[in-house]
Amino acid sequence: MRRSALDRARQSDGRVDLKCLDRPGIAAFMADLGKAEHRALQVYKWAWQRDTTDFATIDTIPRSVRATLGERAVLSSLEPDGRLDSADGTRKYLWRLPDGHRIESVLIPDDTVPGRPRLTLCVSTQVGCAMKCSFCLTGDMGLKRHLSPAEIANQPLQVQQDLGPEHRITNLVMMGMGEPLHNYDNLLVALDILLDTYGQNFSHRRITVSTVGLVDALERFAQASPVNLAISLNATTEASRTQVMPITRRHSLAALMEACRRLPLPSGKRITFEYVMMEGFNTSDEDLVRLRQLMADVPAKVNLIPYNENPHRDIRRPSDDRVEAWQQALVTAGIHCSVRTTRGRDISAACGQLGDASPV
Ligand code: SAH
């Protein structure tokens, strides 16, 4: 039987982490305590907009209610475990979880488009990852556990706190450690908090969830959430994708593309297909032709990601010329295409490097 949201929000000491609950969840909790439901919105706003972790400070609710809350509930926060700054402006935040696990969030400033400075936070959704994509170092850890809704939504909250009011995070990408759709229920609660006007108040246009393509979860998710979707494609045939992304055995490339064609996307929205370019593996002329064919009839954008080389894999990125030629060819074929520049490599913050235990 699926455990209720309230059970999942309960800590080992029996107290409930209210930051693991959406607004109706907190209202139900207050009702259970026999407290007025309108207190729920006050607690929620103090937690997510005033960053409080101590009920005693919530001076808009009576002292007796605060005391009861302190006995029965907590407002959790992540314990900072260091911060690393890259020469290119990228910054990695490390967090230590109560059970000793460590996770990471990566902040990526982008001033390349004049008049539109972006500050993107790459958020983790699991400790480790179960997907075992052969080229990705996070997969080497295996899955340790899912992150709770609070552990997901606290990452943007606490990074923003660290930045102060003069720098605002503009975009969130669920592209850190983990497979977001494998942690479906917790992800949905976290997104609810991130999107809520009384929560973190992000626009759905500025949040992207990236997935290896868990087809059934993807279909449910597209119905349930308005945020942007990105799919890690990374290969153009069943055989080659299976070779690097074992999930293809369970959800074939054909089934994934068929699902993408049917997804209920609002008009004007496109699915982003991420394609990690690995020299000698998926960068041939035939791959380019097949990629174009795969994108036919799908409202798609392609994001080419030259592989981040690292000491743990004998995988090379193609030449810049090759990457540019691919981008040109896709654009000429009428397919939106961007190239992801490598950021934060010197602090092991680049794509596929999170969770790497090697010293930086
Ligand atoms: N599990 C989700 C979320 C993680 S996103 C997903 O796979 O989409 C991390 C992205 O980095 C994925 O697109 C993955 O294919 C890519 N990646 C992993 N290792 C990489 C590397 N060494 N260089 C470049 N991209 C990499």
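In this predicted model, a polar side-chain atom of glutamate 274 lies 3.5 Å from an oxygen atom of the ligand. Glutamate 274 belongs to strand 12, which spans residues 271–277. Other side chains also approach the ligand. For serine 232, an N or O atom of the side chain is 2.6 Å from a ligand oxygen atom. For glutamate 179, the corresponding distance is 3.0 Å, and the ligand atom is a nitrogen. In total, 20 residues surround the ligand. The closest are Glu179, Ser210, Ser232, Tyr307 and Asn308.

Ser210 falls within strand 10, residues 207–211. Ser232 falls within strand 11, residues 228–232. Both strands belong to an open sheet of 10 strands. The strand order is 3-4-5-6-9-10-11-12-13-14, and the pairing is mixed. Strand 3 (79–85) and strand 14 (336–339) form the edges. Each has a single partner strand, so one of its sides has no neighbour in the sheet. From one strand to the next, the twist averages 20 degrees.

Helix 5 (residues 149–163) packs on this sheet. The helix touches strand 3, strand 4 (91–96), strand 5 (102–110), strand 6 (118–122) and strand 9. Its direction makes about 125 degrees with that of strand 4. Strand 9 (residues 171–174) pairs with strand 10 in the parallel sense, over three bridges. In one of the pairs, leucine 172 has isoleucine 207 of strand 10 as its bridge partner.

Two further helices each bury one side. In helix 7 (residues 215–224), the buried residues are Val215, Ala217, Leu218, Phe221 and Ala222. They cover an arc of only 155 degrees around the axis, and therefore lie on the same side of helix 7. Helix 6 (184–195), strand 10, strand 11 and helix 9 are among the elements that cover them.

Helix 10 (residues 285–295) buries Asp287, Leu288, Leu291, Leu294 and Met295. Viewed down the axis of helix 10, these residues fall within an arc of 125 degrees, so they line one face of the helix. An α-helix has 3.6 residues a turn, so residues three or four places apart point the same way. The buried residues of helix 10 pack against helix 9 (253–262), strand 12, strand 13 (300–306) and helix 11 (320–332). After helix 10 comes aspartate 297, with a positive phi near 65 degrees. Helix 9 thus recurs: it helps cover the buried residues of helix 7, and it also packs against those of helix 10.

Key
Residues numbered from 1 in each chain as written. Predicted model: local features only at pLDDT ≥ 70, side-chain atom pairs only at ≥ 80, totals over all residues. Heavy atoms only, no water. Pairing = 2+ DSSP bridges. Helix = DSSP H or I, 4+ residues; strand = E, 2+ residues; numbered from the N terminus. Axes fitted to C-alpha atoms, helices over the stretch in contact; angles between N-to-C directions. Contact = heavy atoms within 4.5 Å. Buried < 20%, exposed > 50% of the residue type's maximum accessible area, 1.4 Å probe, protein only. Arc of directions from axis to C-beta. Near = heavy atom within 4 Å. Polar contact = N/O pair within 3.5 Å; in protein donor to acceptor, adjacent residues only side chain to side chain.
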